[in-house]
Amino acid sequence: MPNSLRSRQRSNSLGRGARGAGRGTTKAFPVSLSHVCRPLPRRHKNLVIVGAQWGDEGKGKIIDVLSEDADILVRYQGGHNAGHTVIVDGHEFIFHLIPSGLLHKHKVGLIGNGVVVDPEALINEMDRLQARGVDVRRAVKLSDQAHLIFPYHKRLDIVEEAGRTGRIGTTGRGIGPCYVDKIARSGIRVADLCDAEEFPIKLRACVEEKNRLLKALYDEPPFSYDELLARYSAYGKRLAPHVVNGVRFLRDAMAQGKRILFEGAQGTLLDIDHGTYPYVTSSNATAGGACTGAGVAPTAIDRVIGVVKAYTTRVGEGPFPTEFPPVLMERIRAKGKEFGATTGRPRRCGWFDALIARHAVWVNGCDAVAVTKLDVLDEMDTVQICVGYRDGKKTIHDFPSNMRLLSRCQPVYESLPGWRTPTGDAAAFDELPPAAQRYLKRLEALLEVPICLISTGSKREQAFKIGRW
Ligand code: GDP
Ligand code: IMO
Ligand code: MG
């Protein structure tokens, strides 16, 4: 980071405290004046890790590797549609809602306000982790502003999907309908669940409204308010010890100089604004989502790292210009074990698409990218990179917003020689076969950012950093 930027940050934090105290705004906060006036210690690296394709890039693995250098891990959007795999000492862990770095001891994970939480799924995940030795009671915090998923969200997700002409291929977890309620200002948050007077009132209104909707549009049977009240009240009691004011929690952590790693779920091309709309999820998976979904300012973020696979995959429907023909699809799917970590669905696979990855680098402001699953291409004679799209006689160099156009685009490929050598044991860039090095250098040139980490296998130790960290 340039020195000028550092000194600007220092003077800003001093200035902010002094202005707040001068206006008497400190009265509103239950903290001492000296606490407000003291400048924040100079920040350590607060990192955002974000998927730079259509999800499943190997974020879980990269987050696990980088969590070693973080104190607090924060999930900022999505829900249990996510499946983040971490393999340590031959044991596989799949994280859905809980941040993926918690296998390291003494870390604390926050589920931020931007996440939609199915309490049953969260409790199950906590129980599974606890049974495998993670001190969940200490390590998992839940923002009181996070929205809750109810069974009617899940039902709506399924019936809406079944009734759509152009299917999205959602995970059926109720994610979209829960975000709909959030934006419509009729959602129920963790803070409501913890309020024994307010919760029954809000829940009754929601259940009645959803029952009317489900009956009128889909002829679906109603949900029982009494049953949901009893079930969710029990969840509330179980989750209460984990609930925190997320903004205060992170503010205090930063004041103590703790390093924060923000974990994106899904990927840039599944982002509600910047993805292949409508074939997207319902949240901002991009780096900006870390601010709104955790309750920190953009100035709190020091670095953004995008994660890309050495090829491309997607689950669900929607255009995918570089999708493999069937034989190659089967080969790469088998070698890369490309089956959804949440739903088990086979993932669609294709060549690396530099247009979508560069779009992701721009939207997220990636400082660098981590490349995963290089080993999956080890046996290829030739590897291809999509460097443009052809639409009739026109060549397009930027990722288009028009999905009809994207669907008819033909990829323009650059072919490079394969390396036909195993890469799983490489521990440094120059230990990679020359052709693999050339492939990675070409990706770097096309994405216009450095590659900072390479993963050549699913195990924690099959990854190495590149350059200065
Ligand atoms: P995420 O959603 O981005 O965290 O990714 P997933 O966990 O859904 O899918 C990535 C899959 O690839 C998991 O099965 C990982 O264990 C696996 N994986 C991650 N990195 C590598 C790698 O470098 N090589 C191989 N062969 N597998 C990897
Ligand atoms: P991680 O975090 C890959 C896809 C679904 C579907 C679309 C909308 O593991 O990378 P939703 O249930 O979110 O409304 O479905 O988004 N999708 C993912 N694809 N990885 C994920 O998460 C995904 N989460 C959602 O397949 O196409
Ligand atoms: Mg996944």
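**Ligand 1 and the two domains around it**

Okay, let's start at the ligand: 23 residues sit around ligand 1, and the ones that come nearest are Gly58, Lys59, Gly60, Thr85 and Ser455. Keep in mind as you look at it that this is a predicted model.

So what kinds of residues make up that shell? The shell around ligand 1 splits into 13 polar, seven charged and three nonpolar residues. As for the secondary structure, H3 and E3 each put at least two residues into it.

Now zoom out a bit. The chain comes in three domains: domain 1 is 45-143 plus 242-304, domain 2 is 147-240, and domain 3 is 308-465.

Where does ligand 1 lie relative to these domains? The shell around ligand 1 takes residues from both domain 1 and domain 3, so the ligand lies between those two.

Let's look at how those two domains meet, then. Their C-alpha centres, domain 1 to domain 3, are 24 Å apart. On the domain 1 side, 29 residues are in contact with 35 residues of domain 3. At least two residues each on that domain 1 side come from helix H3 (59-67), strand E3 (84-88) and strand E11 (303-309). H3 gives the largest share there, with four residues. By type, the domain 1 side that touches domain 3 has 13 nonpolar, 11 polar and five charged residues.

One thing to take back to the viewer: H3 and E3 turn up twice. Each supplies at least two residues to the shell around ligand 1, and each also supplies at least two to the side of domain 1 that touches domain 3. That's it from me.

Terms used. Residues numbered from 1 in each chain as written. Chains lettered and ligands numbered in written order. Predicted model: local features only at pLDDT ≥ 70, side-chain atom pairs only at ≥ 80, totals over all residues. Domains from an automatic or database assignment. Contact = placed C-beta atoms within 7 Å. Nonpolar A, V, L, I, M, F, W, Y, C, P; charged D, E, K, R; others polar. Near = placed C-beta within 6 Å.
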